Amino acid sequence: MPRLSESSGHRVLELGCSTGAYLGKLAAAGWQVVGIEPSVVASQKARDSGFEVHTGVLDDIGFPPHSFDAICAWMVLEHIIDPVKTLRVFNKLLRPGGQLLISVPNAGCWESKVFRKYWYVWEPPRHLHYFDPKRMKKLLLDNGYTDVQIIHQRNVLNLFGSLGIVLKRFRLTENLGQRIMRYPDSPRFIVQLILAPVAQTLAFLRQGGRLTIIANTSSNQTFIRDLPK
């Protein structure tokens, strides 16, 4: 995921912050961090680490307008009942010159077409919405954002999950399929290293299974330093 640059006093909100691992990286870079997390257990762990984290969803928290310089939501928007409303709230919460950084599965890539109903990302009822680059860009432009950048991640984790689902169909490989399905939750570095050329090629061809989206509010001010290797 993108890294926000070192900051002195700028304020950032992460929606779906889990136990606060990314908040910790932002805090180390000088950001004033705030998180929202629906899990009672995870949000408490984040608070135990010293972060300001609210238990619940965005609608539960009454932040005043223009409260943040940046907002992050990693693999969250597909779980939200009304993503359009959420994007509009984000826009109100961002200060002029602020930036929104989100990631979503890419329903427009080759994976969904090849695996069809066995694509790992469908995941009903956990995933309520599906996005492709064209739809994602239109949603942001229609709801007050500018300079929308769509980045295809160098990531093949969805592929493992999809292969696992296919293998589970066959009784002789059901256990193997289950193990492969669990791989995206705890990927091994050596496997990622071996598959790096495949992931880089798919990203270059704009067929990555996951998208990172960066969008600005009205000003051209930016806080992005670089993108992940």
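In this predicted model, H127 is in contact with E78, H79, P105, V121 and W122, leaving aside its neighbours within four places in sequence. H127 is found in the loop between helix 4 (110-115) and helix 5. The protein as a whole has nine helices and nine strands. Its radius of gyration is 18 Å, close to the 17 Å that the globule rule gives for 229 residues, so the protein is as compact as a globular protein of that length.

**The loop between helix 4 and helix 5**

- H127 has a relative accessibility of 8% and therefore counts as buried, the cut-off being under 20%.
- E78, one of the contacts of H127, is 49 residues away from H127 along the chain, yet the C-alpha atoms of the two are separated by 5.3 Å.
- H129 is found in this loop too, between helix 4 and helix 5.
- With a relative accessible area of 19%, H129 is buried, because the cut-off is under 20%.
- Not counting residues up to four places away in sequence, H129 touches E78, I80, I81, D82, P83 and R135.
- The C-alpha atoms of H129 and E78 are separated by 4.8 Å, with their positions 51 residues apart along the chain.
- E78 is thus a contact of H127 and also a contact of H129.

**Overall dimensions, surface and charge**

- Taken along the principal axes, the C-alpha atoms fill a box of roughly 55 × 35 × 35 Å.
- Of the 229 residues, 45% count as buried.
- The accessible surface comes to about 12200 Å², and 57% of this surface belongs to carbon and sulfur atoms.
- Among contacts between residues at least 6 apart in sequence, 69% join residues at least 24 apart.
- There are 28 positive and 18 negative side chains, and the centres of these two sets lie 7 Å apart.

**Nonpolar cores**

- The largest nonpolar core has 30 residues, and those with the most contacts inside it are L13, L87, F90, L100, M136, L140 and I213.
- At least two residues of this core are supplied by each of strand 2 (11-15), strand 3 (32-37), strand 5 (68-74), helix 3 (83-93), strand 6 (94-105), helix 5 (133-142), strand 7 (146-152) and strand 8 (210-216).
- Strand 6 provides the largest share of the core, four residues.
- Leaving aside neighbours within four places in sequence, F90 is in contact with L15, L58, I71, A73, L100 and Y145.
- A second, separate core has 16 residues, among them C17, V33, F51 and L101.

**T86 in helix 3**

- T86 is found in helix 3, and its relative accessible area of 8% makes it buried.
- The contacts of T86, leaving aside neighbours within four places in sequence, are L15, L58, L77 and I80.
- L15 and L58 appear among the contacts of T86 and also among those of F90.
- I80 is a contact of T86 and is touched by H129 as well.

**P184 between helix 7 and helix 8**

- P184 is found in the loop between helix 7 (174-182) and helix 8 (189-194).
- P184 is buried, with a relative accessible area of 11%.
- Y120, L157, F160 and G161 are the residues that P184 touches, not counting those up to four places away in sequence.
- The C-alpha atoms of P184 and N91 are separated by 31 Å, and the two residues are 93 apart along the chain.

**Positive phi values**

- Most residues other than glycine have a negative phi.
- S18 has a phi near 55°, a positive value in a residue other than glycine.
- S18 lies in the loop between strand 2 and helix 1 (21-28), and is partly exposed, with a relative accessible area of 36%.
- M75 is not a glycine either, and has a positive phi of about 55°.
- M75 is found in the loop between strand 5 and helix 3, and at 24% relative accessibility counts as partly exposed.

Definitions and conventions:
Residues are numbered from 1 along each chain as its sequence is written. This is a predicted model: local features need pLDDT of at least 70, side-chain atom pairs count only at pLDDT 80 or more; totals for chains, interfaces and linings use all residues. Side-chain values use heavy atoms; hydrogens and water are left out. The radius of gyration is taken over C-alpha atoms; the globule rule is 2.2 Å times the number of residues to the power 0.38. Buried means under 20% relative accessible area, exposed over 50%, partly exposed in between (1.4 Å probe, protein chains only). Contact means heavy atoms within 4.5 Å. Accessible areas come from the Shrake-Rupley method with a 1.4 Å probe; for residues, only the protein chains shown count as cover. Lys and Arg count as positive and Asp and Glu as negative; His and the chain ends are not counted. The place of a charge is taken as NZ of Lys, CZ of Arg, CG of Asp or CD of Glu. A nonpolar core is a set of buried Ala, Val, Leu, Ile, Met, Phe, Trp, Tyr and Cys residues joined through side-chain atoms within 4.5 Å.
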